[in-house]
Amino acid sequence: MNRGLKLTDILVTIVISIGFGIVYKLWGPLYYFVKPFGLHVDQLIYGMWFIAATVAFLIIRKPGVALLAEIAASSGEFIMGSEWGLEVLLFGVVQGLFAELVFMAFRYKRSGILVVSMAAAGSAVGSIIMDYYKGYIEDLALWNLSLFLGFRMIGSIIIAGIGAYYLVKALEKTGVTSLVRPTEQEDYDALNQ
């Protein structure tokens, strides 16, 4: 089986990403709405910004899809006037790359809930590295930093890991994904790993 991306794979990934780019743009006000509640509650919903990579990979299941999806989604968010400006593109590259590295570690053959959750956590690690270089998280007290990191990881795993997994599983049941790739028994088995 040819594992390289075909034009249809790229186009479907970009369409998925544009949809999530719109979600990303709409997610910003919600993020700022919960921020005043304190104790880094906003980090529990931060994982939404990683979901394009995991959903696109679960649908296409080919090398490069997670990275392409995050780049395209962050580009869409930027074009719609992201409040974070151009830096959103750099975050998209890093977050997509870290998710891609997790899928690569499993040779793009595993797509169970554990692997997808690890990819979501990988994206979270990438975003934390970016936040570190922005220069504001190293000033947090240890307890505050621990809360920040823990909540971002938990939110990422719940939204971009478990949430993405069950979203694609529901799409599989409708047959929508069979338009992109033929559904075989091994695809269903891979979702149950």
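1. Start with a bit of vocabulary: when the angle between two helix axes is over 145 degrees, the pair counts as roughly antiparallel. Keep that cut-off handy while you look at this predicted model.

2. Now try it on helix α1 (residues 7–34) and helix α2 (residues 51–60). Their axes cross at roughly 150° and come within 10 Å of each other. That angle is over 145 degrees, so α1 and α2 are roughly antiparallel. The crossing of α1 past α2 is right-handed.

3. Who does the touching here? On the α1 side, the contact is made by D9, V12, T13, I16, F20 and Y24, and on the α2 side by I51, A52, V55, A56, I59 and I60. Sorted by class, the residues of this contact are 10 nonpolar, one polar and one charged.

4. Next, follow the chain from α2 to α3. The axes of these two helices come within 8 Å, with a crossing angle of roughly 135°. That makes α2 oblique to α3. The crossing of α2 and α3 is right-handed.

5. From α2, this contact takes I51, A52, A53, A56, F57 and I60, while α3 brings V65, A66, A69, E70 and A73. The split by class is 10 nonpolar, no polar and one charged. Try spotting I51, A52, A56 and I60 of α2 in the 3D view: they belong to the contact with α1 and also to the contact with α3.

6. Then there is helix α3 (residues 65–79) with helix α4 (residues 87–105). Their axes come within 7 Å and cross at roughly 160°, so α3 and α4 are roughly antiparallel to each other. Here, too, the crossing is right-handed.

7. Have a look at the residues in that contact. Among them are V65, A66, L67 and E70 of α3, and V88, L89, G92 and V93 of α4. By class, the contact of α3 with α4 has 11 nonpolar, five polar and three charged residues.

8. Finally, a pocket. The second largest one has a volume of about 310 Å³. It is lined by 23 residues, and Y46, W84, F91, D131 and K134 are the closest to its centre.

9. Which helices supply at least two residues each of the lining of the second largest pocket? They are α1, α3, α4, α5 (113–134) and α6 (142–174). The largest share comes from α4, with five residues. As for class, the lining has 10 nonpolar, five polar and eight charged residues.

Conventions:
Residues numbered from 1 in each chain as written. Predicted model: local features only at pLDDT ≥ 70, side-chain atom pairs only at ≥ 80, totals over all residues. Heavy atoms only, no water. Axes fitted to C-alpha atoms, helices over the stretch in contact; angles between N-to-C directions. Helix = DSSP H or I, 4+ residues; strand = E, 2+ residues; numbered from the N terminus. Parallel < 35°, antiparallel > 145°, perpendicular 65-115°, else oblique. Left-handed = near helix turned anticlockwise from the far one by under 90°. Contact = heavy atoms within 4.5 Å. Nonpolar A, V, L, I, M, F, W, Y, C, P; charged D, E, K, R; others polar. 1 Å grid on protein atoms, 1.4 Å probe; cavity = no way out; pocket = protein on both sides within 12 Å on 5 of 7 lines; lining within 4 Å. Points joined across faces, edges and corners; volume = space filled by probe spheres on them.
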